[in-house]
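Okay, thanks for squeezing me in before coffee. Let me put the structure up so we can walk through a couple of spots together.

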Amino acid sequence: MDSYIVSARKYRPSTFRSVVGQKALTQTLKNAIDSHKLAHAYLFCGPRGVGKTSCARIFAKTINCLHPTPEGEACNECESCRAFNEQRSFNISELDAASNNSVEDIRQLTDQVRIPPQIGQYKVFIIDEVHMLSQAAFNAFLKTLEEPPHHAIFILATTEKHKILPTILSRCQIYDFQRIGVADIVEQLQYIASQEGISAEDNALNVIAQKADGGMRDALSIFDQVTSFTGGNITYQAVINNLNVLDYEYYFRLTEAFLSHSVSDALLLFDQVLNKGFDAQHFISGMGSHLRDLLVCKDPVTLPLLEASASVRERYAQQAAQCQLPFLYKAMELSNECDLNYRVSKNKRLLIELTLIRICQLGQQPQTGNAVQAPPLQAVSNPGTPQPTPAVAPATPKTTPAPPAMSVHSPASPTTTQTPPPQFKVPEVPAAKTPPTKTATAIPSISIKNPKVQKEEPTNRDKMQSVPEMNTPFDEKMLTEAWLKFTQTIPTEALLIKTMQLCLPHLLDSQTFEVAVENPDQIERLNQKAPDLLLFLKQQLKNSHIQMQIRQSAREERKRVFSQLEKFEYMVRKNPQLADLTKTFGLELS
């Protein structure tokens, strides 16, 4: 019995040409080798299973090849290549930093750096998972990495570049490996299936590639698993059964339920998915991905974003033609909102069912079951039923009947005198309420509890209009006293009282004064109280022409230093008895 080798090891890339999905990066490395412009340190970073370590080995093998091919590949015939293929080369050393991350391990590595290569020109040190090195190991490695011998080249590989010290990053040429596309993975799986004599459907390989999430090693592991399950005949149904993948057929049926506004079909389909053992959050995230795929099928420009086989593309294109863009936008938003709220929801099934109901209702015409419809222009008279009396009947002579708005044939009345059928006016839609003007007559409001007519209280505008005509002169001191006196009438509004005490009025002319405040909030508080304040000042100063202006003070005005006299005057305004005290004892400010 021959020893079995998994596909991930058997079909591991051995040349730059066999690396899948990294053409730009491998071409850069080949050009560096051809031009003999090699750096002393490289950093290969990217997701798992995309070929970082494989490229590092191919690069180390190629730069030591004694007879490279014109394409820039290793010859696999010289002593250096044979030693590498037989895993007996002393020019290439690999260190797993996940288990050898101490300072002592780095010191052993630096000791090996001093030894020159026996065959070839370079001695290559590959450090895998370099982000696992400790802080002390990184510091011990810095000097050697910055100034290594001319024959030493370091290749660092990691999946988490953000964990590496910036001092290490600055000493390396950084190569970012990208995720391998679904099409590239499917092409490689088809090649391997042909080499192994395995029959595989394109849809099945496409599901494997999507499940791998951009990693070639994961795709090969899944491929081996499915091959063992199917016995060498990989079908789409066998793949989704073995990998427990939610079939896209469910999402096509679910979208049909959305478009037909069938809530019951959507809920029953979701229940069927749960009974098959699928995770509810996986279902809702897959629904969002399905809606996204429908969206990219709406425009030929975005069609390459759909990673699916040719037959599935046709199915998506057919259903996308039935969907409107506003529906797809809103449905994607609702599914994403459900996915975000899934973790914090206590009733997760209800959350998803409510989302399905809301998506089913998208684009549905609103129901008007309780809407009051307007009566027709003219009611058809029935001899057996009494006719309603119109609310306002125009005075029309009996001899001259009014012509009807709509001709309606009704049976002739047995009487000789024909009475024209009553005409009903179409009820008008009530307009939005607007504030009454000065000439409008206020309609008295009637309370439900007390049917008596309630009297409306006079507004501030009415009060100000009721102020008698007065024009008594006043000065700024009288204005300030009345200003502060108003604060006693509003004991509950502490912020307004504080504002009025700090911001005193300044008389501009005989009837207009100005108030300078510090911020917009104070302006808003004064504006809200302005009608009551002006009414109070007019009554106190006996002048019906007083006007107030409010503005925000400048920065330099707020930093003004008050003199001793100004402080004393402010204290007198707060406590008038201080003025009597100074007169009694003859006190003066120095």
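I'll talk about one strand and its neighbours, and then about a pair of helices. Keep in mind that this is a predicted model.

So, let's start with strand β3, residues 123-128. Is β3 mostly buried or exposed? Well, 5 of its 6 residues are buried, so β3 is largely enclosed by the rest of the structure.

Now look at what sits beside it. On the one hand there's strand β2, residues 92-96, which runs parallel to β3 and is joined to it by 5 bridges. If you want a pair to click on, Ile92 has Val124 in β3 as its bridge partner. To get from strand to strand you go through helix α5, residues 103-113, and β2, α5 and β3 make a right-handed β-α-β unit.

Then there's strand β4, residues 152-158, also parallel to β3, with 6 bridges joining the two. Here, try Phe125, which stands opposite Phe154 in β4. And again we have a helix in the unit: β3, helix α6 (residues 135-146) and β4 make a right-handed β-α-β unit.

Okay, over to the helices. How do α14, residues 280-296, and α15, residues 310-322, cross? Their axes come within 8 Å and cross at roughly 80 degrees. That falls in the 65 to 115 range, so α14 and α15 are roughly perpendicular to each other.

As for who touches whom, α14 brings His290, Asp293 and Leu294, and these meet Tyr316, Gln319 and Ala320 in α15. By type, that contact is 3 nonpolar residues, 2 polar and 1 charged.

That's my bit, happy to rotate things around if anyone wants.

Conventions: Residues numbered from 1 in each chain as written. Predicted model: local features only at pLDDT ≥ 70, side-chain atom pairs only at ≥ 80, totals over all residues. Heavy atoms only, no water. Axes fitted to C-alpha atoms, helices over the stretch in contact; angles between N-to-C directions. Helix = DSSP H or I, 4+ residues; strand = E, 2+ residues; numbered from the N terminus. Parallel < 35°, antiparallel > 145°, perpendicular 65-115°, else oblique. Contact = heavy atoms within 4.5 Å. Nonpolar A, V, L, I, M, F, W, Y, C, P; charged D, E, K, R; others polar. Buried < 20%, exposed > 50% of the residue type's maximum accessible area, 1.4 Å probe, protein only. Pairing = 2+ DSSP bridges. Right-handed = clockwise from strand over helix to strand, strands pointing away.
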